[in-house]
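Let's take a quick tour of a protein model, one topic at a time. Keep the structure open while you read, so you can look things up as we go.

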Amino acid sequence: MTPRHGGKILADQLAIQGVKRVFSVPGESFLAALDGLYDSGIQNVVCRQEGGAAMMAEAHGKLTGAPGVVFVTRGPGATNASSGIHVAMQDSTPMVVFVGQIDIAHRDREAFQEVDYKRLFSPLAKWVAEVDTTERLPEYIARAFQMAQSGRPGPVVLALPENMLSAVATVPDRPKVRVATQTATNRDAHLIAKALSKAERPLVVVGGSGWSAQAQQDLHRFAAAWDVPVSVPFRRQDYMDNRHDNYAGDLSVGMNPALAKRLEDADCLLVLGARLGDIMTNGYTLLDPAAHGTRILHVHNDPDEPGHIYAPDLAVAADSASMVAQLASLTAPRQPIWTEWRAQARAAYLAWQTPKETPGPVKMEQIVKGLSATLDDNAILTNGAGNYAAFLHRYFQYKAMHTQLAPTSGSMGYGFPASIAAKLAHPDREVICFAGDGCFQMTCNEMSTAVQHGAAVIVLVVNNGKYGTIRMHQEKTYPARVSGTQIANPDFAALARSYGGWGATVTRTKDFEAAFAEAKAAGTLAVIELQLDDEVLSTALSVSETRALGQRSP
């Protein structure tokens, strides 16, 4: 063993854990870690703000299944990163966050940028620790990677005092972690199948983390053999090919009213990996936690999740992908009894796909439908939060696994950093980011990150001059009293060009196809600004229609 400073020990341990890329904003608090990364072979993607860096790391974890890694400095750097950590927690994404910390000798003096990270991040992360001893770095890092990936995956935060990182120690490395998994058994699958077969109106809900392309194929086989309708929670639409006859849509914000009714009418829910919560139950109104009368079969890799809110009739602690594989291997009923129920669910989904015309010369419904029909099946689409995303969720049909990157936590600003991480991970695939004008401006400074690291993403900035989601709620609740929701915007195409990218502005739907072709050909960061009519608000209602609805409400 050779003496190494803490930063070198850390970098060597990351390499052992299989880390190929980290995201960071540099700080003097972890100079030794930066030095360790220098000749480690690990790519350090330097970002412009810690929130964007954390979101890139989260997207990397969501896309690859391996923990995304981010380095941020103490104090404001750490607090900036908290937005991305919150995304990882609510989205069950494996992530390891390294935070620079003050010298141990200066604790409890309110030293420069001093923060108690255990208190700060405990509600936002699975585990938070501070490494005081250089010799214990391999132990803590191995545990961080194990915790981030086990059970219900999530973010782990390690604070690194600068004197600990710069100190030299002689210590052996830890081996690559082996994460314990709970694999579904044939007996588990038979119990699920027996309970499911008693239903008259079943609905399968698939979500959570740990899914793969193979799991998607197993789901297709199971759904077809048993002829059951399958739905997904908010922003998990790529878990099943949306063209499959058994796909019934997403239980999400602004969901298809017919699917909401189907959830209410179902007498049995088979929940595979998803958490039964707020969004998919429309604020717990579609499924009353106290008295719902629905038989619930809940499979989740965290044994604490089934029963967290809704009492299950059957609970299985197991990896969802292994359960789907087991179910797909079972012999289905000779004559499925749910054919009509499933066909109705599919018909309702297809009817919801029929575009509802929006005001103005730029029609988002047409643009999204066109992209759905022409993009490669493995193209990756990203988005943050805002009413603009509803057009993507409603009208785009996802075909392959790991093609949707969007925050189930509803975080604005996520889509653009996520697209950069996706393009760096898969430079050979098309990566398209949808962002509202407000959403994009929360992280648009990362355009220089994209250009610096060669992430040739295409960003569609949906510009309606307002925080659309909040304006929608405002018009419903306080009609015609517009306050705090109008925003002034730059020339987004010119902004992209100033960063060294390519930009164009589209004011008519018919001009979009040519602009998109030029963006692809540019071979660099490309931004297409879509200028929407001021009346455009959501997929269902215009500003005037929403206001009229609010004025009629008591």
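Here is a short briefing on pockets, a helix pair, nonpolar cores and one helix. Keep in mind that this is a predicted model. Its largest pocket holds about 1,100 Å³ of space, and its largest nonpolar core has 59 residues.

**The largest pocket**
- Rolling a probe the size of a water molecule over the atoms is a handy way to see where empty space is left.
- In this model, the largest pocket comes out at about 1,100 Å³.
- It has 48 lining residues, and Val-253, Gly-254, Asn-387, Thr-469 and Met-472 are the closest to its centre.
- Four elements give two or more residues to that lining: α10 (257–265), α14 (388–395), α16 (437–441) and α18 (468–477).
- Sort the lining by class and you get 24 nonpolar, 17 polar and seven charged residues.

**The second largest pocket**
- This one has a volume of about 660 Å³.
- Its lining is made of 35 residues, with Gln-149, Pro-153, Ser-209, Gly-210 and Asn-301 nearest the centre.
- At least two lining residues come from each of α3 (50–64) and β16 (404–405), and α3 gives the most, with four residues.
- Here the class split is nine nonpolar, 18 polar and eight charged.

**Where two helices cross**
- Helix α18, part of the largest pocket's lining, also meets helix α21 (residues 543–552): their axes come within 6 Å and cross at roughly 35°.
- On the α18 side, the contact uses Arg-471, Met-472, Glu-475 and Lys-476, while α21 brings Val-543, Thr-546, Arg-547 and Gly-550.
- By class, that contact has two nonpolar, two polar and four charged residues.

**The nonpolar cores**
- In soluble globular proteins, nonpolar side chains tend to be buried together.
- Which residues have the most contacts inside the largest core? They are Ile-192, Val-206, Trp-211, Phe-222, Leu-270, Leu-272 and Met-323.
- Take Ile-192: setting aside neighbours within four places in sequence, it is in contact with Leu-270, Leu-297, Val-299, Leu-314, Val-316, Met-323 and Leu-327.
- There is also a second, separate core of 52 residues, including Val-99, Val-157, Phe-416 and Ala-418.

**An enclosed helix**
- Helix α1 (residues 6–16) has eight of its 11 residues buried, so the rest of the structure largely encloses it.
- The buried ones in α1 are Gly-6, Gly-7, Ile-9, Leu-10, Ala-11, Asp-12, Gln-13 and Leu-14.
- Just after α1 you'll find Gly-18, which has a positive phi of about 90°.

Notes
Residues are numbered from 1 along each chain as its sequence is written. This is a predicted model: local features need pLDDT of at least 70, side-chain atom pairs count only at pLDDT 80 or more; totals for chains, interfaces and linings use all residues. Side-chain values use heavy atoms; hydrogens and water are left out. On a 1 Å grid over the protein atoms alone, a cavity is a set of points where a 1.4 Å probe fits but cannot get out, and a pocket is an open set with protein on both sides within 12 Å along at least five of seven lines; lining residues have an atom within 4 Å of a point. Grid points are joined across faces, edges and corners, and a volume is the space filled by probe spheres set on the points. Ala, Val, Leu, Ile, Met, Phe, Trp, Tyr, Cys and Pro count as nonpolar, Asp, Glu, Lys and Arg as charged, and the others, Gly among them, as polar. Axes are lines fitted to C-alpha atoms, for helices over the stretch in contact, and angles run from 0 to 180 degrees between N-to-C directions. Contact means heavy atoms within 4.5 Å. A nonpolar core is a set of buried Ala, Val, Leu, Ile, Met, Phe, Trp, Tyr and Cys residues joined through side-chain atoms within 4.5 Å. Buried means under 20% relative accessible area, exposed over 50%, partly exposed in between (1.4 Å probe, protein chains only).
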